[in-house]
Amino acid sequence: MLNNLYYLEAVLAAEDDAITIVSSNMEVIFWNEAAVQTYNIDRVDIINKPINEFFHNDDLMVFKVLKTKEPVKNVYHRPRKDKHVVVNAVPIIDHKGQLIGALSVERDITQIVKLNNNLETTSAELDELRQKVYTNTEETPFTKLVGNSLPLKQTVRIAHKAAKSDATTLILGESGTGKEVCARAIHETSDRSIGPFIPVNCGAIPSALFESELFGYEGGSFTGAEKRGKAGKIEMADGGTLFLDEVGELPLEMQVKLLRVLQENSVYRIGDSKGKTINVRFIAATNQNLEQLMEGKSFRSDLFYRLNVIQLTMPPLRDRIDDINELSEMFLKQFASKYQVPIPEIDPDAFNMLLQYNWPGNIRELRNLMERIIILTDEAKITKEDLLSYLPSASPTWKNAEPEQSNTIPNEKKNLEIQLIEKTLKETNGNKSDAAKRLGISRVTLYNKMRKYGIWK
């Protein structure tokens, strides 16, 4: 029996979360190393001492458990002003059914909360700067959706129309396609542009914090709450736009509460029964198939139909190969400026590889590749061999290259086209828009022919 206690103590001591065990009269029986690190209280200072000598009763979850004899599960808690934790606590009952103590397990999420608050502040500052930039330039917010391909133009056209209304909008698309960029552009083009744009990554918030983060809370509504209460993200977006990224990750209980907000245009903080009227435009985004999630009962159909008034789909990069040149040039210039290095030239054979690659990571992957090139290359020109070393090694997917023409007449036509394009580009000093006009073709068609023939100027 004694050996079993040693084993149990070793297990508790190895746990990364802070573990506290108190007796029925509040004396500390066990205090593991994680608790020492979390609260900066040595074991020799607290063991066999009343825990309320170190914490106020109102800040102790074990005090609540001893008082109610009810367990606490996955609850956000602030035992100190500088500490945020998620706590599980249970009463300890002996074989006679008598309460002999309580145990709490507390996970420190202080850094997560601080990072979230910093992100919130930084987003607000960026929004202010964006407004100043757009006021002083002729650019529009949709300019950040770089490219002239037909799939992107179709999406931007619908997004422009969406910006003229307050209708809830659902943006679909694979990861890395620019869903948040599109959401910001809709907000900044709308009548709400002077209001806040509040992004919420539903996949990055711990489940225990969802309700307080989205809906806020009244002062004194739970142990450790701010005395004045705190507005949630929905309330902070009043007069502007709330962007719910990865909306498919919302827990079901939060989906019910969000649906109520959409139906009533009012938000209820934790501890508030009256509610507050809000004026918020909702934009949601996901890379998941919400219809499949609905079939699996993990996403509510009534919420889906509320969010899906206007639907946009951000096209994957493999469907936007006409935009790869413009995007590549933009990213190379950005990172060359950032790292103070010359802009390398991409060899035509290497560029053809970019067109043949399937881009599973979309624009984010292309951006990362261009940054990798700027950081790692020492050459003035990027070759096909260089790209093979810079692209991911884990079985990249390639499109089938077009077969070479072998007939004499097609080859002759190809040679004449190459000569004419090169001559026109030389005459226009590489101005592709001017060259396309002189050749009597569209700019996109010119790009396609340049890529096809390996012409790059």
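How many disulfides does the count come to, if a disulfide is a pair of cysteine sulfur atoms within 2.5 Å? By this rule the count comes to zero.

Before selecting anything, note that this is a predicted model, in which local features need pLDDT of at least 70 and side-chain atom pairs count only at pLDDT 80 or more, whereas totals for chains, interfaces and linings use all residues. Residues are numbered from 1 along each chain as its sequence is written, and side-chain values use heavy atoms, with hydrogens and water left out.

**The whole chain**

Colour the chain by secondary structure, and 19 helices and 16 strands appear; these are DSSP runs, numbered from the N terminus, with helices being H or I over at least four residues and strands being E over at least two. Of the 457 residues, 43% are buried, where buried means under 20% relative accessible area, exposed means over 50%, and partly exposed lies in between (1.4 Å probe, protein chains only). The accessible surface comes to about 25000 Å², and carbon and sulfur atoms hold 50% of that surface; areas come from the Shrake-Rupley method with a 1.4 Å probe, and for residues only the protein chains shown count as cover. Taking a contact as heavy atoms within 4.5 Å, 65% of the contacts between residues at least 6 apart in sequence join residues at least 24 apart.

**Two cysteines**

Select C182, which is buried with a relative accessible area of 0%, and then C202, which also counts as buried, at 2% relative accessibility.

**Strand β10 and its partners**

Next select residues 241–245, strand β10, where five of the five residues are buried. Both faces are covered, with T241, F243 and D245 on one side and L242 and L244 on the other. Adding β7 (residues 197–201) shows a parallel partner joined to β10 by five bridges, two strands being paired if DSSP finds at least two bridges between them. Within that pairing, F197 stands opposite T241. Strand β13 also pairs with β10 in the parallel sense, over four bridges, and here T241 stands opposite R281.

**Helix α6**

Move to residues 150–163, helix α6, and place a distance label between its end C-alpha atoms, which are 20 Å apart; at 1.5 Å a residue, the 14 residues should span 20 Å, so the two values agree. The expected span is 1.5 Å times one less than the number of residues. Highlight L152, T155, V156, A159, A162 and A163, which are the buried residues in α6. They cover an arc of only 115° around the axis, which puts them on the same side of the helix, the arc being that of the directions from the helix axis to the C-beta atoms. An α-helix has 3.6 residues a turn, so residues three or four places apart point the same way. On the other side of α6, L150 and K161 are exposed. To see what the buried side packs against, show β6 (169–172), α7 (179–189), β13 (281–286) and β14 (310–313).

**Helices α13 and α18**

Select S328 in helix α13 (residues 324–339), where this serine is buried with a relative accessible area of 2%. Leaving aside residues up to four places away in sequence, S328 touches L354, L366 and M370. Then go to α18 (residues 432–439), in which K432, A435 and A436 are buried. Seen down the axis of α18, these buried residues fall within an arc of 100°, so they line one face of the helix. The residue that follows α18 is G440, whose phi is positive, near 80°.

**Two positive phi angles outside glycine**

Most residues other than glycine have a negative phi. N265 is not a glycine, yet has a positive phi of about 55°; N265 sits in the loop between α10 (252–264) and β11 (266–267) and counts as partly exposed, at 43% relative accessibility. K297, also not a glycine, has a positive phi of about 65°; K297 lies in the loop between α11 (290–295) and α12 (301–307) and is exposed, with a relative accessible area of 66%.

**The β3–β4 hairpin**

Finish with β3 (residues 72–80), the strand that holds R78, and with β4 (residues 83–93), which runs antiparallel to β3 and is joined to that strand by five bridges. The hairpin connects β3 to β4 through two residues, and the bridge partner of R80 in β4 is K83. R78 is buried, with a relative accessible area of 10%, and the C-alpha atoms of R78 and T110, which are 32 residues apart along the chain, are separated by 9.4 Å.

How values were computed. A disulfide is a pair of cysteine sulfur atoms within 2.5 Å.
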